[in-house]
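Got the viewer open? Let's take a short walk around this one, selecting a few residues at each stop.

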Amino acid sequence: MKTTIRQILIVTTIVSIPIAICTKLEYDRIRTEQLRSFLQLELQATKDKLKLGRISENQLVIDYLAMADPCESQHYGRYSEFQHGFPGGLGHGITIVSKDGRLKRAYSWSCLGGEEYFNGMMDAENTEFDKLWSWAHPPEKYLHGKAGRRN
């Protein structure tokens, strides 16, 4: 029996598709693992800088950003919120809040508790920030499995 080029191409395609799928899945797994490792290292480095006082209350945001690489940031008028950890608030992380370009509050959070590194926000500022945060994160946004509110 004579094998045609068409038959060879069909067999090659049938064999190569599962190999390509497995290769892509393994590549995605490795990239995800690398990203998690990077985010964990960045989270630990930020925690160390907070404990050593290299990131501190009233520090300029631009100086803080020169030392740290938050995975997420959101801006609410005069306030900004920076997240270190895993996008979407999964697991554990650090939140840093600034007002008018200066750091005001920093705390870590997880399902097991947290730690406050500094908090220079007055009651009126906390109320203002919470109101702005609530407007940006209405409750219906979280009814379908989205991440929850900060501590």
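**Stop one: a charged trio**

Select Arg29, which counts as partly exposed at 43% relative accessibility. Keep in mind as you look around that this is a predicted model. Now add Glu26, also partly exposed, with a relative accessible area of 36%. These two form a salt bridge, and their closest N and O atoms are 2.6 Å apart. Both sit in helix α1, 3 residues apart, so about one helical turn separates them. Add Glu33 to the selection too: salt bridges that share partners join Glu26, Arg29 and Glu33 into one network.

**Stop two: along the helix**

Stay with helix α1, which covers residues 5–52, and pick Ile19. Ile19 counts as exposed, at 53% relative accessibility. Together with Val11 and Val15, Ile19 makes a nonpolar surface patch of about 280 Å².

**Stop three: links between distant parts**

Next, select Glu125 and Lys99, whose side chains meet in a salt bridge (2.9 Å, N to O). This pair links distant parts of the chain, 26 residues apart: Glu125 is in helix α3 (residues 123–136) and Lys99 in strand β3 (residues 92–99). Are they buried or exposed? Both Glu125 and Lys99 are buried.

Then try Arg105 and Glu116, another salt bridge, with the closest N and O atoms 3.3 Å apart. Here strand β4 (residues 102–110) holds Arg105 and strand β5 (residues 113–119) holds Glu116. Arg105 counts as buried at 15% relative accessibility, while Glu116 is partly exposed at 44%.

**Last stop: the cysteines**

Finish with Cys71, partly exposed at 27%, and Cys111, exposed at 76%. The whole structure has 0 disulfides.

Notes: Residues are numbered from 1 along each chain as its sequence is written. This is a predicted model: local features need pLDDT of at least 70, side-chain atom pairs count only at pLDDT 80 or more; totals for chains, interfaces and linings use all residues. Side-chain values use heavy atoms; hydrogens and water are left out. A disulfide is a pair of cysteine sulfur atoms within 2.5 Å. Buried means under 20% relative accessible area, exposed over 50%, partly exposed in between (1.4 Å probe, protein chains only). Patches are made of residues with over 30% relative accessible area and no salt bridge: like charges are joined within 9 Å, nonpolar side chains (Val, Leu, Ile, Met, Phe, Trp, Tyr) within 5 Å. Accessible areas come from the Shrake-Rupley method with a 1.4 Å probe; for residues, only the protein chains shown count as cover. A salt bridge is a side-chain nitrogen of Lys or Arg within 4 Å of a carboxyl oxygen of Asp or Glu. Helices (H or I, at least four residues) and strands (E, at least two) are DSSP runs, numbered from the N terminus.
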